[in-house]
Amino acid sequence: MESKGGKCQAGKEAVTAPTKDQRTLTNASSLFHVAIWRIIFFLILTFTEWDGALALSPYDNGNGPGAFGNPVVNSWFAYNHMEWVADIHSSMMAQSQNIPWIKIGYTLLFFATFGKEIGMPTALWRFQTSVYTILYSLRFFSRAQNFTNHNYLYVLLLVLTIFSGGGYIHVRFSKKSKSLISEISACEACKLAMRFQFAVVYFYASLWKLHGDWLSGSICRNIFLNLEESGKARGIPWAKIEAEYLGNIFQIVAISGLLLDFSMFVTLTFSKPKPSSTLRFMIYTLFFHMNTMFMMSKLIGYSFPATCIAALPVF
């Protein structure tokens, strides 16, 4: 109580602003979100990208690993100034009879996926996952064709996931642990970086779709009619739909793809993370990538659309 002008006034208790550590602890759910992402992402890599028949033999012509694995042919497919990566890759193919690189990769993937849940320290998890990332990168950078279908994204996401520490399904720290605060901060930074990375993906996908051939529907027409002719259209009668029902079906598909890509970019870039924007982005993502997985998986595979869907927990 203090007296002022003959009157007594009740003193207000000072309100202490939360410390940086206290603010960080309020984001502890990031550990769980990143852990869910980690498990799904590495399972996708295990079953789609680290293919035992291809992981160390990108130039295999059916006559055995390394059939095209010589420096001259490697240079045709390699990135400029990165022929040495293709040569290392070829050397690993030659060693695969004595060194089980494929099995080593699968083992590293298992611990990258589930290591944190069986008590693996974060530092050890980061190290062994980095080793797998190097193996995968040697495969990826061994030839330029691996850049297509957004395969570059997996290397970037591997690096970001390593820096995140992988998160936790069940937190094993005391609430005041400095290690917990460090883990949460890393996961928060990872979520922000992944949000930015996917925004870049959707932005450039939108720019690419502004090409006249895309807007006219001719690119989509060629893709889907070729899929139908090769028996990979999953039973969708594209030619009949165009001829008998909807002559501009491919232009509709093309413009819809552009609008969805741009909508996902805008939502990630300009919408504040909150339940309404998260739900909106989830609807866009599921509609776009589930359709892609159904209609085009026999052309581009499942890994890219599945990875985009798997990233939803971090948004």
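This report describes the helices, their contacts and several individual residues of a predicted protein model.

## Overall composition

The protein chain contains 14 helices and 2 strands. Of its 315 residues, 41% are buried. Among contacts with a separation of 6 or more, 73% join residues that lie 24 or more positions apart.

## Helix 14 and its surroundings

Helix 14 spans residues 303-310, and 8 of its 8 residues are buried, so this helix is largely enclosed by the rest of the structure. The residues concerned are Ser303, Phe304, Pro305, Ala306, Thr307, Cys308, Ile309 and Ala310. They pack against four elements: helix 2 (29-49), helix 7 (152-164), helix 8 (178-208) and helix 13 (275-300).

One of these partners, helix 7, can be described further. Its axis and that of helix 14 come within 11 Å and cross at roughly 35°, and the crossing is left-handed. On the side of helix 7, the residues involved are Leu153, Tyr154 and Leu157, which meet Ser303, Phe304 and Thr307 of helix 14. By class, this contact comprises 4 nonpolar residues, 2 polar residues and no charged residues.

## Helix 2 and helix 8

Helix 2 and helix 8, both of which pack against the buried residues of helix 14, also meet each other. Their axes come within 9 Å and cross at roughly 60°; the two helices are therefore oblique to each other. The crossing is left-handed.

Helix 2 contributes Ser30, Leu31, His33, Val34 and Trp37 to the contact, while helix 8 contributes Leu180, Glu183, Ile184, Cys187, Glu188, Lys191 and Met194. These residues divide into 7 nonpolar, 2 polar and 3 charged. A general property of helices is relevant to such lists of positions. An α-helix has 3.6 residues a turn, so residues three or four places apart point the same way.

## Helix 6 and helix 7

Helix 7 also has a contact with helix 6. The axes of helix 6 and helix 7 come within 10 Å and cross at roughly 170°. Because this angle is over 145 degrees, helix 6 is roughly antiparallel to helix 7. From helix 6, the contact involves Trp125, Arg126, Thr129, Ser130, Tyr132, Thr133, Tyr136, Ser137 and Phe140; from helix 7, it involves Tyr152, Tyr154, Val155, Leu158, Thr161, Ile162, Phe163 and Ser164. The classes represented are 10 nonpolar, 6 polar and 1 charged. Tyr154 of helix 7 takes part in this contact and also in the contact with helix 14.

Glutamine 128 belongs to helix 6, which covers residues 122-140. Glutamine 128 is buried, with a relative accessible area of 7%. Its side chain makes a polar contact with the side chain of threonine 129 at 3.0 Å. When neighbours within four places in sequence are left aside, glutamine 128 is in contact with Leu108, Phe111, Ala112 and Met120.

## Glycine 166 between helix 7 and helix 8

Glycine 166 is located in the loop between helix 7 and helix 8. With 0% relative accessibility, glycine 166 counts as buried. Apart from residues up to four places away in sequence, glycine 166 touches Val34, Ala35, Arg38, Lys116, Trp125 and Thr161.

Two of these partners appear in the helix 6 and helix 7 contact as well: Trp125 on helix 6 and Thr161 on helix 7. Tryptophan 125 is 41 residues from glycine 166 in sequence, yet the two C-alpha atoms are 8.1 Å apart in space. Val34, another partner of glycine 166, is among the residues of helix 2 that contact helix 8.

## The loop between helix 10 and helix 11

Alanine 233 lies in the loop that joins helix 10 (218-229) and helix 11 (238-245). Alanine 233 is buried, with a relative accessible area of 7%. Not counting residues up to four places away in sequence, its contacts are Leu227, Glu228 and Trp238. Isoleucine 223 is 10 residues from alanine 233 in sequence, and the C-alpha to C-alpha distance between them is 9.8 Å.

Arginine 234 is placed in the loop between helix 10 and helix 11 too. At 30% relative accessibility, arginine 234 counts as partly exposed. Most residues other than glycine have a negative phi. In arginine 234, however, phi is near 55°, a positive value in a residue other than glycine.

Notes
Residues numbered from 1 in each chain as written. Predicted model: local features only at pLDDT ≥ 70, side-chain atom pairs only at ≥ 80, totals over all residues. Heavy atoms only, no water. Buried < 20%, exposed > 50% of the residue type's maximum accessible area, 1.4 Å probe, protein only. Contact = heavy atoms within 4.5 Å. Axes fitted to C-alpha atoms, helices over the stretch in contact; angles between N-to-C directions. Parallel < 35°, antiparallel > 145°, perpendicular 65-115°, else oblique. Left-handed = near helix turned anticlockwise from the far one by under 90°. Nonpolar A, V, L, I, M, F, W, Y, C, P; charged D, E, K, R; others polar. Polar contact = N/O pair within 3.5 Å; in protein donor to acceptor, adjacent residues only side chain to side chain.
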